[in-house]
Amino acid sequence: MAKHHGMYGTRTYKSWSEMKFRCDHKNHSKSKIYNDISYCDEWKDFRNFYKDMGERPIGTSIDRIDGEKGYYKENCRWATD
């Protein structure tokens, strides 16, 4: 049985969920700019994403350091607009 992380509905979980949606639903109108963008296999599990990224600070969103590359630990950070 999978362990529950208790983070559903948090800012961090929402960012992870939206990142996955954008990458997994390439044909969705809001996701078309992400056609060539993916996320690492480890981040399929929220607990791994949380371990790498930590809690999302207020006023930030997930940002890819190099916008040409995908979502993975070394290429992501929490950033302000």
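## Exercises on a predicted model

Arg64 sits in strand β1, which spans residues 61-64. The model is predicted.

**Exercise 1.** Work out which partner the side chain of Arg64 reaches, and how far away the nearest side chain of opposite charge is.

*Solution.*
- Step 1. Start with the surroundings: Arg64 is buried.
- Step 2. Look for the opposite charge. The nearest such side chain is Asp66, 6.7 Å away.
- Step 3. Apply the cut-off. A salt bridge needs a side-chain nitrogen within 4 Å of a carboxyl oxygen. Arg64 has no salt bridge.
- Step 4. Check the backbone. The side chain of Arg64 reaches the backbone oxygen of Lys69 at 3.0 Å.

**Exercise 2.** Describe the largest nonpolar core and find which element supplies the largest share.

*Solution.*
- Step 1. Take the size: this core has 16 residues.
- Step 2. Find the residues with the most contacts inside it. They are Met19, Trp43, Phe49, Met53, Ile62 and Tyr71.
- Step 3. Assign elements. α1 (11-24), α2 (46-53) and β2 (76-79) each give at least two residues.
- Step 4. Pick the main supplier. α1 provides the largest share, four residues.
- Step 5. Zoom in on Trp43. Beyond its neighbours within four places in sequence, its contacts include Trp16, Lys20, Asp52 and Cys76.

**Exercise 3.** State the order of helices and strands, and say which element has the lowest mean pLDDT.

*Solution.*
- Step 1. Count: the protein chain has two helices and two strands.
- Step 2. Read along the sequence: the pattern is α-α-β-β.
- Step 3. Compare the elements. α1 has the lowest mean pLDDT, 92, and β2 the highest, 98.
- Step 4. Turn to the protein chain. Its mean pLDDT is 87.

Terms used:
Residues numbered from 1 in each chain as written. Predicted model: local features only at pLDDT ≥ 70, side-chain atom pairs only at ≥ 80, totals over all residues. Heavy atoms only, no water. Buried < 20%, exposed > 50% of the residue type's maximum accessible area, 1.4 Å probe, protein only. Lys, Arg positive; Asp, Glu negative; His and termini not counted. Polar contact = N/O pair within 3.5 Å; in protein donor to acceptor, adjacent residues only side chain to side chain. Core = buried A, V, L, I, M, F, W, Y, C linked by side-chain atoms within 4.5 Å. Contact = heavy atoms within 4.5 Å. pLDDT = per-residue confidence, 0-100.
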